[in-house]
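Let's take a friendly walk through this model, from its strands to its core and its pocket. Keep the structure open beside you as you read.

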Amino acid sequence: MAKALAKHGIPTIIVPDSNIYALMPRVTKVLLGAHAVLANGGFFAVSGAVLAAMAARAHSTPVVVVAGQYK
């Protein structure tokens, strides 16, 4: 995904889980991929998603969750 975004001119940084909180002040938006979205607004994602969402909340950074749509 990072390569596809970079190809369209969108600056992208891949960050290891251990450095998420340290780099969050420089981040303008967090994109998370989800396996499934639940009816109550929760979602199933990879294990590092909670850490990224909590760091974003602490720094008031918007979080966007992207999931596929199936019929």
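## How the strands pair

Strand 1 and strand 3 run parallel to each other and are joined over 4 bridges. This is a predicted model, so you are looking at computed coordinates throughout. If you would like a place to find this pairing, go to Val-30, whose bridge partner in strand 3 is Val-63.

Strand 1 also pairs with strand 2, residues 43–45, this time in the antiparallel sense and through 3 bridges. Here Val-37 has Phe-43 of strand 2 as its bridge partner. These two strands make a hairpin, with 5 residues between them. In the turn you will find Gly-41, which has a positive phi of about 95°.

## The nonpolar core

Which residues make up the largest nonpolar core? There are 8 of them: Ile-20, Met-24, Val-30, Leu-32, Ala-49, Ala-52, Ala-55 and Ala-56. Strand 1 and helix 3 each supply at least two residues of this core, and helix 3 gives the most, with 4 residues.

Ala-56 is a good residue to click on next. Leaving aside residues up to four places away in sequence, Ala-56 touches Met-24, Val-30, Thr-61 and Val-63. Among these contacts, Met-24 and Val-30 belong to the core as well, while Val-30 and Val-63 are the bridge partners met above.

## The largest pocket

The largest pocket holds about 990 Å³ of space. Its lining is made of 26 residues, and those nearest the centre are Thr-12, Ile-13, Lys-29, Val-30 and Leu-31. Helix 1 (2–7), helix 2 (20–23), strand 1 (30–37) and helix 3 (49–58) are the elements that give two or more residues to this lining. Strand 1 has the largest share, 4 residues.

What is the lining like by class? It has 19 nonpolar, 4 polar and 3 charged residues. Val-30 is worth a second look here: it is one of the residues nearest the pocket centre, and it is also a member of the largest nonpolar core.

## An unusual backbone angle

One more stop is the loop between helix 3 and strand 3 (63–66), where Ser-60 is found. Most residues other than glycine have a negative phi. Ser-60, however, has a positive phi of about 55° although it is not a glycine.

Is Ser-60 buried or exposed? Ser-60 is exposed, because its relative accessible area is 66%, and exposed means over 50%.

Conventions. Residues are numbered from 1 along each chain as its sequence is written. This is a predicted model: local features need pLDDT of at least 70, side-chain atom pairs count only at pLDDT 80 or more; totals for chains, interfaces and linings use all residues. Side-chain values use heavy atoms; hydrogens and water are left out. On a 1 Å grid over the protein atoms alone, a cavity is a set of points where a 1.4 Å probe fits but cannot get out, and a pocket is an open set with protein on both sides within 12 Å along at least five of seven lines; lining residues have an atom within 4 Å of a point. Grid points are joined across faces, edges and corners, and a volume is the space filled by probe spheres set on the points. Ala, Val, Leu, Ile, Met, Phe, Trp, Tyr, Cys and Pro count as nonpolar, Asp, Glu, Lys and Arg as charged, and the others, Gly among them, as polar. Buried means under 20% relative accessible area, exposed over 50%, partly exposed in between (1.4 Å probe, protein chains only). A nonpolar core is a set of buried Ala, Val, Leu, Ile, Met, Phe, Trp, Tyr and Cys residues joined through side-chain atoms within 4.5 Å. Contact means heavy atoms within 4.5 Å. Two strands pair if DSSP finds at least two bridges between them.
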